[in-house]
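Me: Could you pick one part of this structure and take me through it closely? I'm new to it, and a relaxed tour outwards from that spot would suit me well.

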Amino acid sequence: VGLPDVAAGGGVMDYVWQDREIKFDSPPNTLELRRGEVRIDSLNSVEDTKGNNGDRGELIVTNLRLIWLCHKSKKTNLSIGYNCVISINIRTTDSRLKGKTQALFVLTKFNGSRFEFVFTNLVKNSPRLFTTVQAVFRAYDTSKLYRDLKLRGAIIKEKQLVMLPKEQTYNKVNGVWNLSADQGNLGTFFITNIRLVWHANLAENFNVSIPYLQLKSVKIRESKFGAALVLETTPRCGGYILGFRLDPAERMQEVFKEISSLHQVYSMNPMFGIDFSVEEKPPSLHELKVPRKMDDVEIVDEEDAGDAFAAYYADESKTGDREPVFHEGLGLCIEQLRDDYSVDQLWSVL
């Protein structure tokens with residue numbers, strides 16, 4: 001029981017925020033692809049019609065998010081994680097560069113606020129914007145078992161693990177007690193290259209699937225049942241602490257070492273589960289350009305921070321500008337707020 005803890009892949013696994021957050025006008029380093037993130041496609045002439053109508057930019061489609069970069073200034077940018085996306089639709093909009101045209105509407109929710117993004121492809125008769133984004137988001141939405149902890153799922157069939165694409169089982173361990181109940185439940189471990197799965201022998205639907213992506217630490221420590229293998233998950237998936245017991249102690253140490261090793265290997269090259277294939281296409285203007293070197297200087301301009309995301313708020317009930325009213329607390333005229341909003345609430349967003 002004196003074995004060391006192995007936390008987050010021995011410090012290798014970084015927090016994966018790219019698919020879970022929305023960022024506005026971020027510094028360049030936040031737009032760089034992280035380990036396991038892949039650029040699937042890029043479109044060089046896309047307008048951010050809602051927030052920067054009239055400005056051309058590049059839309060990068062990765063397996064975790066959408067990134068939009070304004071051609072005029074790279075400081076004007078967006079990062080939209082797929083986990084924040086509620087819906088993606090194609091509707092008509094008014095573009096300063098293209099007039100009345102079909103555009104991609106992306107409705108999202110992040111930190112309790114809804115944001116809507118509208119992207120217009122400025123290349124004539126090109127459906128690539130619509131087909132690529134919708135296909136990648138669909139692949140992301142249907143591959144959650146790679147990234148999210150799952151309790152009592154349909155993952156076991158006839159005592160065998162239902163395998164995910166590109167998943168490999170490295171070990172099947174019988175005689176594993178789940179210590180979540182007072183009396184414990186006897187079951188089986190499946191240790192794969194993507195996740196750790198346990199199910200009860202007497203009830204296949206009593207199971208848990210823990211992706212290495214959500215595994216915060218692996219420990220062996222004392223419990224009321226004796227030495228136990230303890231798995232702690234990340235806060236974003238509930239911060240579960242799951243205890244298991246194997247006999248003899250030497251066997252539990254072998255399983256501990258195997259899980260720790262696979263977790264570290266996965267951390268070096270995470271597999272997020274978005275399978276894709278790109279058809280042959282001519283190189284984009286971006287690929288032909290010599291990359292511009294960015295100065296290592298960060299300009300802090302907090303005065304405009306609120307406007308960066310205010311333009312994207314999704315207020316479906318608003319059809320036009322409301323009448324201006326004088327606000328005594330601010331000492332100036334502002335657009336009349338909705339009944340369910342106050343200045344204090346909007347100010348707290350910043």
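**A close look at one spot**

Reply: Let's start with a pair of side chains: Asp-19 and Tyr-140 are joined by a polar contact of 2.7 Å. A polar contact here is a pair of N or O atoms within 3.5 Å; within protein, one must be able to donate a hydrogen and the other to accept it, and residues adjacent in sequence count only if both atoms are side-chain atoms. Keep in mind that this is a predicted model, where local features need pLDDT of at least 70, side-chain atom pairs count only at pLDDT 80 or more, and totals for chains, interfaces and linings use all residues. Residues are numbered from 1 along each chain as its sequence is written, and side-chain values use heavy atoms, with hydrogens and water left out.

Asp-19 sits in the loop between strand S1 (6-7) and S2. Helices (H or I, at least four residues) and strands (E, at least two) are DSSP runs, numbered from the N terminus. Asp-19 is buried, with a relative accessible area of just 1%. Buried means under 20%, exposed over 50%, and partly exposed in between (1.4 Å probe, protein chains only). Leaving out residues up to four places away in sequence, Asp-19 touches Leu-64, Gly-81, Tyr-82, Asn-83, Cys-84, Tyr-140, Arg-147 and Arg-236; touching, or contact, means heavy atoms within 4.5 Å.

Move along to the loop between S2 and strand S3 (39-48), and you'll meet Asp-25. Asp-25 isn't a glycine, yet its phi is positive, about 50°. Most residues other than glycine have a negative phi. Asp-25 is partly exposed, at 38% relative accessible area, whereas Asp-19 is buried.

Now for the sheet around there. S2 (22-24) is one of the edge strands of an open sheet, with strand S7 (85-95) as the other edge, and each pairs on one side only. Pairing takes at least two bridges found by DSSP between two strands. The sheet has 8 strands in the order S2-S6-S5-S4-S3-S9-S8-S7, paired antiparallel. Neighbouring strands are turned by 30° against each other on average, direction ignored; the axes are lines fitted to C-alpha atoms, for helices over the stretch in contact, and angles run from 0 to 180 degrees between N-to-C directions. Inside the sheet, strand S8 (residues 99-110) and strand S9 (residues 113-121) run antiparallel, joined by 7 bridges. Phe-110 stands opposite Ser-113 in S9.

Next comes Phe-119, which is among the residues with the most contacts inside the largest nonpolar core, a group of 62 residues. Such a core is a set of buried Ala, Val, Leu, Ile, Met, Phe, Trp, Tyr and Cys residues joined through side-chain atoms within 4.5 Å. Helix H1 (residues 128-141) gives the largest share of this core, 7 residues. Phe-119 touches residues including Trp-68, Ile-80 and Leu-129, not counting those up to four places away in sequence.

Two stops remain. Glu-158, in the loop between strand S11 (156-157) and strand S12 (160-161), has a positive phi of about 55° without being a glycine, and Glu-158 is exposed, at 65% relative accessible area. Pro-248, in the loop between strand S19 (241-245) and helix H2 (249-268), is joined to Asp-247 by a cis peptide bond with omega of about -5°.

Stepping back, the chain comes to 5 helices and 21 strands, and 44% of its 350 residues count as buried.
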